[in-house]
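Grab a pen and work through these short exercises with the model open beside you. Each one comes with a solution you can check step by step.

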Amino acid sequence: MANLKMGFRWFGEKDDPISLAQIRQIPQTKQVVGALFDVPVGEVWPQEKIDALKKQVEDAGLKLEVIESVNIHDDIKIGAPTRDKYIENYIQTIKNLSKAGVKVICYNFMPVFDWLRTDLHHQLADGSNAMMYDESKLPKDPEALMAEMNSGSRGFSLPGWEPERLAALKELFAAYKDVSEEKLVENLKYFLDAIIPVCEKFDVRMAMHPDDPPKPLFGLPRIFKNREDMLRIEQLHESRYNGFTICTGSLGENPANDLPAIIREFVPKDRVPFMHVRNIKHVGKNKFHESAHPSTEGSLDMFEIMKALHDTDYDGYIRPDHGRNIWGEDGRPGYGLYDRALGITYLLGMWEALIKSNLIQMKAGHEFCAWPFCMPGNNF
Ligand code: DNO
């Protein structure tokens, strides 16, 4: 019987208005999905800093088993001659994280920009606000996009938008000039071939995050957009340590992506150590806003997503993803407390119903699984 490990993303004491004590009060949520945000991309994460974060999390009664993200230096994605040095650093970071008991590293392989939106505070009819993407409003000039993201963030750092890295945006774009989709895939393979044997030895699973939005933008290639891309990536290095974060919101931005089918295909292959589960609402072509988690509020069928996880005995890590800012909260775009906590309660409510209805069927039939041992957080 599947055993969900529910988590909550946290940006650290200095940079997150949400405290660990608050996270501790969200029912059934034991995992903090954390990171070191003050180590420049490409450098080794020092053991003492990792250990300090772990201690802080554990002192609050929580666990630190998933890191999101250890970002990848652009030289690795570009395939620059200096990449080996950065890969060595990455390997050392994997070893250090493993020593602290980390089991999963979420990462992405998107050139230049991580996720992007055209409005970080789109006003919804109910008075809350959420992030929005409207391709017709996407500036042609990446510098203009960067300025909009920065001003929209209202002083919060945005994950994957490191100002020091993006300061030289023109140079960065020039460095990617010859990086085609094929080249980017080759560079991912080079990276995976170097790190996955280390991950196997140190028992840390890599969980690649989809591109968000899942399409090429600004002439930059994107290589994790759909099921076909996942098939290609999993073959680059055959190992359960070369896995995916299935982010329902990111993949769901393309209505052609059938999320329950993707879950039903890749979870049984043991390639999914981490799930991001959130909803979005399509409001036009290439136009969506993020929404509250329930199916009624967006375009994704969240029950079918959870049912696919249940039916495939998913027992990995999971977290709610971007929520709205509600009840007067003016938090980091996508990462307020209240709406993500509501999201967790909704997801776990469905999970309980899925488990109990299955138990009733099993009891009526032959097998028996003693409730409540099958609920998240209960190892048995
Ligand atoms: C945005 C996040 C991404 C994600 C990375 C994973 O809010 O979904 O920044 O963490 O792409 O590497």
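**Exercise 1. Work out how well strand β8 is covered, and on which faces.**

Start with the count: in β8 (residues 242-247), 6 of its 6 residues are buried. Here buried means under 20% relative accessible area, exposed means over 50%, and partly exposed is in between, using a 1.4 Å probe and protein chains only. Strands are DSSP E runs of at least two residues and helices are H or I runs of at least four, numbered from the N terminus. Next, split the strand by side: Asn-242, Phe-244 and Ile-246 are buried on one face, and Gly-243, Thr-245 and Cys-247 are buried on the other.

A quick word on ground rules: this is a predicted model, where local features need pLDDT of at least 70 and side-chain atom pairs count only at pLDDT 80 or more, while totals for chains, interfaces and linings use all residues. Residues are numbered from 1 along each chain as its sequence is written, and side-chain values use heavy atoms, leaving out hydrogens and water.

**Exercise 2. Find the partners of β8 and place the strand in its sheet.**

First, look to β7 (residues 205-208), which pairs with β8 in the parallel sense over 3 bridges; two strands count as paired if DSSP finds at least two bridges between them. Among those bridges, Ala-207 partners Gly-243 and Met-208 partners Phe-244. Now trace the connection: the chain goes from β7 through helix α9 (residues 227-236) to β8, a right-handed β-α-β crossover. Right-handed means the path over the helix runs clockwise from the first strand to the second, with the strands pointing away from the viewer.

Then turn to β9 (residues 274-277), which runs parallel to β8 and is joined to it by 3 bridges. Thr-245 stands opposite Phe-274 there. Finally, zoom out: 8 strands close into a parallel barrel in the order β1-β2-β3-β4-β7-β8-β9-β12.

**Exercise 3. Describe how the ligand is held.**

Begin with the surroundings: 13 residues lie around the ligand, and the closest are Glu-68, Ser-69, Asp-114, His-322 and Tyr-335; a residue counts if one of its heavy atoms lies within 4 Å. Next, check the polar contacts, pairs of N or O atoms within 3.5 Å. Ligand oxygen atoms sit 2.5 Å from a side-chain N or O atom of Glu-68, 2.9 Å from a polar side-chain atom of Asn-108 and 2.6 Å from a side-chain N or O atom of His-322. Last, the cover: taken alone the ligand exposes 330 Å², and the protein buries 100% of that.

Technical notes:
A polar contact is a pair of N or O atoms within 3.5 Å; within protein, one must be able to donate a hydrogen and the other to accept it, and residues adjacent in sequence count only if both atoms are side-chain atoms. Accessible areas come from the Shrake-Rupley method with a 1.4 Å probe; for residues, only the protein chains shown count as cover.
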